[in-house]
Amino acid sequence: MTLLACSVLAALMAAGCQPPASQNPNDRRRENLQEERAPAEQSLRTATYKGEGPIEIVCTSGMVADIVRNVGGERVAVDQMMGEGVDPHLYKPTPGDVSRLARAEMIFFSGLHLEGKLADHFASMARDKPTVPVTLRLDPAKLIPADEGYFDPHVWFDVALWSECAQAVADVLAGFDPEFAETYRENAAAYRKRLVALDEYARTELAKIPPKQRVLVTAHDAFQYFGRAYDVEVKAIQGVSTTSEAGLRKINELVEYLTTNRIGAVFVETSVSDKNVQSLIEGCAERGHTVDLGGELFSDAMGREGTPEGTYEGMIRHNVETIRGALE
Ligand SMILES: [Zn+2]
C-alpha cells in the first residue's frame, strides 16, 4: 500500500468509515433521497396495527393531512402539526410536537427534505413505528432537481403527481392495517377521481391566460412543478427553500425581467414574508413600470381550517383563480 493510500484510509477511519459524499449533485440527490426513504421502508417492513382504531396519526403539513384524512376516513384520527401560514422549511418542533410524535401510532410527512429540521426526529421515530414520507414511492425521474443536493419538494403543485402520493398512502395504510385494506383503496380511488377533475380544471383555467402573460413571479421557488404541469413560466426571488436569503442581485434581475416583458402582477405567499415582493413592486415603479400585487397564494401551507382554502382542493382552486384573475 502506498503512503497516500494509507493516509486516505486513515482519514476515512477517523471519519467513522463513512464513504465520502458524492461530488456529483445528481448522485448526492439520489443519496439524500435514499437516506430519507430507507428508514421509512424499514419502518413498514414488519409493522402491523394491533389496536381497535382509529389509528392515531401525526401529519406535518396540511396537504399531507388532507391525503391521510381522505384516504383513512373514519379509521384514522389525524393530528396536523403545521397549521395555516406555517413555513415547513423553517419549522422546528416544539417540545409538545416531540411528545406528539412519540405518542403517535404512525407518522406521515411530506418528505424530499421539505421538513428539513425534523429529519433527525423522523429517522429516530422510524425505529418504533411507521414513519413515512407521502412521496416515498415517487419515481425520481419525475422529480425536479433543486440546488444543494436535493430534489424540489413542492410536488403537491402537480395535482397528478400528488395523486400518486395518495395511492402510496393507501398502500401503506393497507399494509399496516390489512383488515381495512379495501376501505383504504376505495377511499383513495374516490379521492383520486376528484383530483383528476381538479387537475383538468387547473389546466383549462390557466390555458385561458395568453401565453406571453402566463408568468408567475413569487416570493420563494415553490411553483416549479405547477409551472411544468400547467405550462406556466415560473420565477421566484428566494430559492426552493426559504432558509437561504434573497440577494439584491436577484431582485434587480427580476425587476429587469418584469419591466422588459411588461408583466403586470406578482404574488405573495401566506407562509412567507412579503418584504421581497414589495421591493420588486417598488423597483419596477422606479423604472416607470406598474406591477400590481396579484394576490396571496397558498404555497407551503393551506388556509384556515373550516374554510374552503383549508383543504387541498380549495387551496389549488384559490391559487388558480387568483393567478388567472391577475394575469389574464
Ligand atoms: Zn417551499
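**Two domains, one shared core**

Strand 5 and strand 6 (residues 233-238) run parallel and pair over 5 bridges; pairing here takes at least two DSSP bridges between two strands. Helices (H or I, at least four residues) and strands (E, at least two) are DSSP runs, counted from the N terminus. The model is a predicted one, so local features need pLDDT of at least 70 and side-chain atom pairs count only at pLDDT 80 or more, while totals for chains, interfaces and linings use all residues. Residue numbers start from 1 along each chain, following the sequence as written.

Back at that strand pair, histidine 220 sits opposite glutamine 238 of strand 6. With helix 8 (residues 224-230) added, strand 5 and strand 6 form a right-handed β-α-β unit. Right-handed means that, with the strands pointing away from the viewer, the path from the first strand over the helix to the second goes clockwise. Strand 5 (residues 215-220) has 6 of its 6 residues buried, so it is largely enclosed by the rest of the structure. A residue counts as buried with 20 or more other C-beta atoms within 10 Å of its own, as exposed with 12 or fewer, and as partly exposed in between, the C-beta atoms being placed from the backbone.

Another right-handed β-α-β unit is built from strand 1, helix 3 and strand 2. Strand 1 and strand 2 are parallel, with 5 bridges between them, and isoleucine 55 stands opposite valine 76 of strand 2. Strand 1 also runs parallel to strand 3, joined by 3 bridges; there, valine 58 faces isoleucine 107 of strand 3. Strand 1 is mostly covered, with 4 of its 5 residues buried.

As for helix 3, 11 of its 11 residues are buried, so the helix is largely enclosed by the rest of the structure. The cover over these residues includes strand 1 (55-59), strand 2 (76-80), strand 3 (106-109), helix 6, helix 7 and helix 11 (312-327). Among the buried residues of helix 3 are Asp66, Arg69 and Asn70. Arginine 69 makes the buried class with 20 other C-beta atoms within 10 Å. Its C-alpha atom is 9.8 Å from that of aspartate 79, 10 residues away along the chain. Just after helix 3, glycine 73 adopts a positive phi of about 55°.

On to the domains: the assignment gives domain 1 (22-200) and domain 2 (204-327), with bounds that come from an automatic or database domain assignment. Their C-alpha centres are 26 Å apart. Contact between them involves 26 residues of domain 1 and 25 residues of domain 2, where contact means C-beta atoms, placed from the backbone, within 7 Å. On the domain 1 side, helix 3 (62-72), helix 6 (159-176) and helix 7 (181-206) are the elements giving two or more residues. That side has 13 nonpolar, 5 polar and 8 charged residues. In this scheme Ala, Val, Leu, Ile, Met, Phe, Trp, Tyr, Cys and Pro are nonpolar, Asp, Glu, Lys and Arg are charged, and the others, Gly among them, are polar.

Finally, the largest nonpolar core has 92 residues, of which Val68, Val71, Phe108 and Val169 touch the most other members. Such a core is a set of buried Ala, Val, Leu, Ile, Met, Phe, Trp, Tyr and Cys residues joined through C-beta atoms within 7 Å. Helix 6 supplies the largest share of this core, 10 residues, and each of the two domains gives at least three. Leaving aside neighbours within four places in sequence, phenylalanine 108 contacts Ile57, Cys59, Val64, Val68, Val132, Val134 and Val169.

Technical notes: Two residues are in contact if their C-beta atoms, placed from the backbone, lie within 7 Å.
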